[in-house]
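Please open the model in a viewer and keep the sequence panel visible. The stops below are given as selections, each followed by what is found there.

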Amino acid sequence: MSAPTAEPAPGSEPLVTVEALARGFAGVPAVRRVSFTVGAGEIHALCGHNGAGKSTVVKMLSGQLAPDAGRILLDGKPVALRNRQAAQRLGVALVDQELSVVPALTVLENMQLGDIDAGFFKRRRAALRRCREVLDDMGLDRVRPDQPVAALSMGERQLVEIAKALSQRARVVILDEPTATLSEAESRRVFAAVRRVAARGCAVVFVSHRLSEVLELCDTVTVLRDGRDVATRPAAGLTVDGLIVTMLGEAPHRLEATRRPDPDLTHALRIGGLHVPGRLDGFTLTARAGRIYALAGQLGSGASDVLRALAGLHPQATGSVELRDRSVPFRDPVGAARAGIAFVSNDRKGEGLFLGKSVAGNLVATRLDRLGAGGLVGAGRERRTARSLAGLAGLPADRLADPVLALSGGNQQKVFVGRSLGRDDVHVLLLDEPTRGVDIGGRAAIHRLLRDAADAGLVVVFASTELEELLELGDVILTMRDGRVVSTYDGGANGAALMRDMTEGKDAA
Amino acid sequence: MTTTDGLTSPRPATAGASRRRGRPGAPAVAFVALMVVLVPIAVTTDRFLTLDNARAILASTALVGIAAIGATLVMIAGSAVSLAASQTATVVAMVFLATLDRGLVVATLLAVLCGVVVTAVQGFAVGYWEANPIVLTIAAGFAIGGGSVWFSGGTPVNAASGDYDVLNATPLGLPLAVYVLLLLAVLAEAVLRRTTAGRRMYLVGENRAAARAAGLPVGRVTVVAWTFSGLCLAISGVFLAAFNTSATTNLGGTLTLDAIAAVLVGGTAIAGGKGSALRTLGGALLISVIADVLLLRGYSTGAQILVKGVLVLAVVVLVHLRGPRGSR
């Protein structure tokens, strides 16, 4: 919009050229083939929804990941970015999604941190002067170099982070979701700083979920989908809706419910005014047995906080939860489980499976008290239960004795979900990112499991950032942003509407 | 595309497979190597292969072994170790001796109650308030040790009657404590393998956050483990009192570290989630056998302690630090 159009002069080399980059993880391609160029003075956006390959491209550009194929050129010369230091030496600076400034250190100390040019004996006066210049450049005239970063606002910290990148004489600045945690006013200051950076002749790569800010700030947009660049266009001619359509591709196929939702509300989960300070602001929902409820929201939207609060894992949650007309206690995971709520965390390794135990041991872990009388665990009953659960979850029976660690991501997730299946005392299944780190085949199988669980009469509520998953599985979809529900779709949702709600809120619609 | 960058672990299947082949190998090899060295030395040691010596080994294992069985449950349940074992056993011994004038049964019950309550309270703080067990038990050790000085006035507590002698009986030539040790080891193993509480100890120790998120009663499981440990410590303290007939404030001696050594040599994971009471029994016996061989060969007490330390060190390096999660 107001940004200077900085088309590279005809004939001159672009500052950054990315040529046919590819990279996979454990055989699963994350980036298949991505090419684009960024000229000096250009602000270039990378867009795409979760899993499109943005972060992987950023990691390769900043030297954190080596490409499997393709190459990166600076000033037309191929470069090998072996690590972040090597990238920094060549003038490529990354401002990360997560802030890497150290709150306990001063602004100056933070700028010198990780700076390969900072000598062991620092010439303090020169460094101070340089720091002052960079801060002024950033519009941070109220920030002093000797101030501890802890005293600054989040926006100012983000700006210091950008200033740090600049103070290291970067020519290519990569910003990965720099405004995700910032207020509107703070975002403005970051934009102004980014424009100044570009005006000085840097090439800027800007990654963001917020499409309207992408269109406002950037000169060119490259859209990634399924690890490929599907379009590169000047931002001037684009609209948010047009961008969303490009990001989505074709509409996914739904996994339809085979049974009517329970008309009777006696088996329902009623959530009233669920509140978590700073995270969730008054979430209300009556969820019927037999239906799948999808919470659509990016990180920090509150979607995952709804699930954690219901599972008793949020120490500050308030509100009211009733299941089958019985009140469910808050802040008490044991009480929530006893009431019939099972939770599948998005952190399968840290907060899900018992990694040192066998598949069978994991499958029966939460129902040991049902395998015998008087606190005893019957060996025969344990074996039979594990075998029948493996059948239910679609796990090969000959792997029951294997350590769960030896399974693929998809099978591990089947164990995690399967642990809560087939029991008459579980009425609600909560899942946070049910198919994170799961391959395509495993994903379809997990979706089938969830549909079967709903058909068996459970209330299923899941949170996801993935549009296909939300559309394929959700009977009712609630979009969330900034701790509130934006819209509720009882049928008739489409990807464009969901994405607009998740990224822009209602006002942009 | 469901794969988000960095979340996919690199080839979990092959990593697991190679671990399955490789990992149990190291402790097994170490055990065989130890036996290759130990057995020839032991059998060629004068007076080692005698009935009396076998009895001596078992008798010297009993008190440490009983305490170690309890410590095994605490370690499996993820509470690491209690560093207050010696002090607890000392206080239990004093209570037992001082109350013997009310008869053996009353004195034993009071002493056991004392040990169980003192230890269960620590378990409560660890289980429900997430107290750090090491720091907590160092503090508790000081408090309990102070309690024993206050209780005894700093002078030895003598037996208030001669009833304790029943506990020094030696049916079939073995001290009663040896039978109690074997009984407790079998009981603890059964609890660990075939009861809800025992099985949950493994789960809580393996991954406390996962156990919590799954709605398992993490606090209660921890308290049960510590209570059982308190019971074992109390029994050990009562036998200690009966054997010594009087109790000074340092009666417990090196019980704390000896018990931990037996648990570690038995291969229980210091970070929790893995282990066995019967293997702890084996660990305790192994330490006793080595000490016995050194004693028979005329080495000093210092040499015995040194060798015990080296053995524990070797086990920790070979077994615990090599495990996939042992270095946590």
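Select A:T17 and A:L73, which are bridge partners, A:L73 belonging to β4(A). This is a predicted model. Extend the selection to β1(A) and to strand β4 of chain A, residues 69-74; the two pair in the antiparallel sense over five bridges.

Now add strand β2 of chain A, residues 28-38, which runs antiparallel to β1(A) and is joined to it by seven bridges. To find one of these pairings, pick A:V18, whose bridge partner in β2(A) is A:F36. Is strand β1 of chain A largely enclosed or not, and why? Nine of the ten residues in 16-25 are buried, so the strand is largely enclosed by the rest of the structure.

**A mixed sheet in chain A**

Clear the selection and show β16, β17, β18, β13, β19 and β20 of chain A, in that order: these six strands form an open sheet with mixed pairing. At the edges are β16 (341-344) and β20 (484-489) of chain A, each pairing on one side only. Ignoring direction, neighbouring strands of the sheet are turned by 20° against each other on average.

Within this sheet, select β13 of chain A (residues 292-296) and β19 of chain A (residues 476-481). Their pairing is parallel and has four bridges. Label A:A294 and look across to β19(A), where A:I477 stands opposite. Then bring in α17(A), which packs on the sheet and touches β13, β19 and β20 of chain A. The direction of α17(A) makes about 25° with that of β19(A).

**From the sheet to a helix pair**

Keep helix α17 of chain A (residues 495-504) and add helix α8 of chain A (residues 240-248). Their axes are 10 Å apart and the packing angle is about 115°. The crossing of α8(A) past α17(A) is right-handed. To see the contact, show side chains for A:D241, A:I244, A:M247 and A:L248 on α8(A), and for A:G495, A:A496, A:M499 and A:R500 on α17(A). Colouring the contact of α8(A) with α17(A) by class gives five nonpolar, one polar and two charged residues.

**Chain B**

Hide chain A and show chain B as a cartoon: its secondary structure comes to 13 helices and two strands. Of the 328 residues in chain B, 51% are buried. Among contacts in chain B with a separation of 6 or more, 79% are between residues 24 or more positions apart.

Select helix α3 of chain B (residues 51-76) and helix α7 of chain B (residues 176-194). These pack at an angle of about 20°, with their axes 8 Å apart. α3(B) and α7(B) are therefore roughly parallel to each other, and their crossing is left-handed. The residues in contact include B:L58, B:A62, B:I66 and B:L73 from α3(B), and B:V178, B:L181, B:A185 and B:L192 from α7(B). By class, the contact of α3(B) with α7(B) has 16 nonpolar and two polar residues, and no charged ones.

For the last stop, centre on B:L104, in helix α5 of chain B, residues 104-129. Which residues are in contact with B:L104, leaving aside its neighbours within four places in sequence? They are B:F96, B:D163, B:Y164, B:V166 and B:L167. Draw a distance between the C-alpha atoms of B:L104 and B:V166: the separation is 8.7 Å, for residues 62 apart along the chain.

Notes
Residues are numbered from 1 along each chain as its sequence is written. Chains are lettered from A and ligands numbered from 1 in the order in which they are written. This is a predicted model: local features need pLDDT of at least 70, side-chain atom pairs count only at pLDDT 80 or more; totals for chains, interfaces and linings use all residues. Side-chain values use heavy atoms; hydrogens and water are left out. Axes are lines fitted to C-alpha atoms, for helices over the stretch in contact, and angles run from 0 to 180 degrees between N-to-C directions. Angles under 35 degrees count as roughly parallel, over 145 as roughly antiparallel, 65 to 115 as roughly perpendicular and the rest as oblique. A crossing is left-handed if the near helix is turned anticlockwise from the far one by less than a right angle, and right-handed if clockwise. Contact means heavy atoms within 4.5 Å. Ala, Val, Leu, Ile, Met, Phe, Trp, Tyr, Cys and Pro count as nonpolar, Asp, Glu, Lys and Arg as charged, and the others, Gly among them, as polar. Buried means under 20% relative accessible area, exposed over 50%, partly exposed in between (1.4 Å probe, protein chains only). Two strands pair if DSSP finds at least two bridges between them.
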